[in-house]
Amino acid sequence: MGLKTIVSAEAGKQELVITREFDLPLELLFKAYEEPEIVEQWMGTKVLKLENRKHGSWQFETSDSKGNVVLRTNGTIHEFVPNQKITRTFEMENTPYEVHLEFLDFEKLTDDTSKLTMHIVYRSVAMRDEMLKLPFAQGINMAHNKLQEVAGKLR
Amino acid sequence: MELRRDVFQAIADPTRRAIIVLVALHAMTPSAIAENFDSSRQTISKHIQILAECELLEQTQNGREIYYHLNPKKMKEIADFIEPFRKLWDERFNKLESVMKKFKPKK
């Protein structure tokens, strides 16, 4: 079986495309983006606001295990076409990362399967690369923290 | 402070990407590489230098000539950089799928 989630990031371009095929009917896939309670479940964030309409806005909040807010994200919805398309902006509050634009296309493959294509456009190539590297950097950080934790116990 | 060049920076430039494509086929001397471009020899050799600093290109000495070839290990490293990003989304989407599968019977 091939990779279900594919990230294509061409060198030197300020955009990237994430595609994923789901073992879900199109309607259920779209619902996962539409209903705030469901978004909260799979994104692991609190949905402060989600106005699914043209010129609507959204705001999510992520907390750590102790309940401290670690990240707030927000944006504006430009297009909202049920079972087809969501166009929105995405911004991480209080970070050096600038706002980017997201095009989400929802497609029916069969009655029970569907596909999501996320086309993300950043302000610059450098900004895109920073975002791509973020989970890599966090992974290193986490490994480092884990190491410190273990090392601390050894003392 | 040592200034480390970034591989992403290295491959962001179209000329440098073209050089990578060229030497991927076979090892080449700097002058053979430069012949493929309209830019000056100095410009191309600066690009080669940046790629070599990032270890994307490796050099071998053959008599008096220096040959550059591609370092496949480093190219793979670029792919590995993106892997945690892909994994993050993959896990997120797996969660979405399992949440929605449970949602089904309630409907």
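**Contacts and cores in a predicted two-chain model**

Trainee: Which residues is Ile33(B) in contact with, leaving aside its neighbours within four places in sequence?

Mentor: The model is a predicted one. Setting aside neighbours within four places in sequence, Ile33(B) is in contact with Ile19(B), Leu22(B), Val23(B), Met28(B), Ile44(B), Ile48(B) and Tyr68(B).

Trainee: Which residues of the largest nonpolar core touch the most other members?

Mentor: This core has 17 residues, and Ile33(B) is among those with the most contacts to other members. The full group is Val23(B), Ile33(B), Ile48(B), Leu51(B) and Leu57(B).

Trainee: Which element gives the most residues to this core?

Mentor: Helix H1 (7–11), H2, helix H3 (30–34), H4 and strand E2 (65–70) of chain B each supply at least two of its residues. The greatest contribution is four residues, and it comes from H1(B).

Trainee: Which residues does the second, separate core include?

Mentor: That core has twelve residues. Among them are Leu28(A), Leu29(A), Ala32(A) and Phe106(A).

Trainee: Are H2(B) and H4(B) roughly parallel or roughly perpendicular?

Mentor: Two packed helices are described by the angle between their axes and the distance between the axes. Helix H2 (residues 14–25) of chain B packs against helix H4 (residues 41–53) of chain B with the axes 10 Å apart and at an angle of about 70 degrees. Angles of 65 to 115 degrees count as roughly perpendicular. H2(B) is therefore, relative to H4(B), roughly perpendicular.

Trainee: How do the residues of the contact of H2(B) with H4(B) divide by class?

Mentor: From H2(B) come Thr15(B), Arg16(B) and Ile19(B), which meet His47(B), Ile48(B), Ile50(B) and Leu51(B) of H4(B). By class, the residues of this contact are four nonpolar, two polar and one charged.

Trainee: Which element gives the most to the side of chain A that touches chain B?

Mentor: The contact takes 25 residues from chain A and 23 residues from chain B. On the chain A side, strand E1 (5–8), strand E2 (15–22), helix H1 (26–34), helix H2 (36–43) and helix H3 (125–154) each supply at least two residues. This side of chain A has 16 nonpolar, four polar and five charged residues. Seven residues, the most from any element, come from H3(A).

Trainee: Does Thr95(A) count as buried or exposed?

Mentor: Thr95(A) lies in the loop between strand E6 (85–92) and strand E7 (100–108) of chain A. A residue is exposed if 12 or fewer other C-beta atoms lie within 10 Å of its own. Because Thr95(A) has 11 C-beta neighbours inside 10 Å, this residue counts as exposed.

Notes
Residues are numbered from 1 along each chain as its sequence is written. Chains are lettered from A and ligands numbered from 1 in the order in which they are written. This is a predicted model: local features need pLDDT of at least 70, side-chain atom pairs count only at pLDDT 80 or more; totals for chains, interfaces and linings use all residues. Two residues are in contact if their C-beta atoms, placed from the backbone, lie within 7 Å. Ala, Val, Leu, Ile, Met, Phe, Trp, Tyr, Cys and Pro count as nonpolar, Asp, Glu, Lys and Arg as charged, and the others, Gly among them, as polar. Axes are lines fitted to C-alpha atoms, for helices over the stretch in contact, and angles run from 0 to 180 degrees between N-to-C directions. Angles under 35 degrees count as roughly parallel, over 145 as roughly antiparallel, 65 to 115 as roughly perpendicular and the rest as oblique. A nonpolar core is a set of buried Ala, Val, Leu, Ile, Met, Phe, Trp, Tyr and Cys residues joined through C-beta atoms within 7 Å. A residue is buried if 20 or more other C-beta atoms lie within 10 Å of its own, exposed if 12 or fewer, and partly exposed in between; C-beta atoms are placed from the backbone.
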